[in-house]
Amino acid sequence: MKMRVCLKPLLLSVVLCGPAVAFAETPGAPRAVTLTISKATAPLLTLHGASGKVQLSLAELESLGMHEVRTTTFWPEDDGSYSGPLLRDVLQRAGLDKADEIRVRAKDGFSQVIPRQDWERWPVLLATRHDGQPMRPRNKGPLRIIYPRDMSPELADSVYRLRWVWLVDSIEAKAGR
């Protein structure tokens, strides 16, 4: 009987909090954090979709909710803690969250397609900070796609390597194949 009493609060928190509890307890998963939001208001990211163009500043991106993940990367010198909004929240803000896939473009001309199943299945970040500091172009910022690589052995697969786009400056929705 005591055990049922102890389990009730846990069961209630799972019912009320849903999947967030599952991610929060998964090793390597991003966790929500509270940081001082940037006041930078110049457009930093352009999102293109069926309904037009949306431009977001660093302050607008960070106001979508900050999450932090400590992860290894495919480049050991880049390992560490990354913070930023979830990619799915950014896409939802611009009405792109139901796209079959997106193309993420970098300032250096590199681009990569990311399928919807990635941002629906994994808590992918659009990182704005590395080890608590705003990222600069010399350290692959100001925006960078970060997968929570240590959350699952599957994310260490080389198929995800190219999807870690840095120097991100635009995202566009892509139609089905």
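What follows is a short chat about the aromatic residues and one strand of this structure.

User: Before we start, what sort of model is this, and how are residues numbered?
Analyst: It is a predicted model, where local features need pLDDT of at least 70, side-chain atom pairs count only at pLDDT 80 or more, and totals for chains, interfaces and linings use all residues. Residues are numbered from 1 along each chain as its sequence is written, and side-chain values use heavy atoms, with hydrogens and water left out.

User: How many aromatic pairs are there?
Analyst: Six. Rings of Phe, Tyr and Trp (its six-membered ring) pair if their centres lie within 6.5 Å; planes under 30 degrees apart count as stacked, over 60 as edge-to-face and the rest as tilted. Phe74 and Trp164 are edge-to-face, 5.9 Å centre to centre with 90° between the planes.

User: Where do Phe74 and Trp164 lie?
Analyst: Phe74 is in the loop between β4 and β5 and Trp164 in the loop between β11 and β12, so the pair ties together parts 90 residues apart in sequence. Strands (E, at least two residues) are DSSP runs, numbered from the N terminus.

User: Are Phe74 and Trp164 buried or exposed?
Analyst: Both are buried, meaning under 20% relative accessible area (1.4 Å probe, protein chains only).

User: What sits over the ring of Phe74?
Analyst: The charged end of Arg149, 4.2 Å from the ring centre. The criterion is NZ of Lys or CZ of Arg within 6 Å of the ring centre and within 35 degrees of the ring normal.

User: Switching to β5, how covered is that strand?
Analyst: Mostly: five of its five residues, 80–84, are buried.

Note on methods: Buried means under 20% relative accessible area, exposed over 50%, partly exposed in between (1.4 Å probe, protein chains only). Helices (H or I, at least four residues) and strands (E, at least two) are DSSP runs, numbered from the N terminus.
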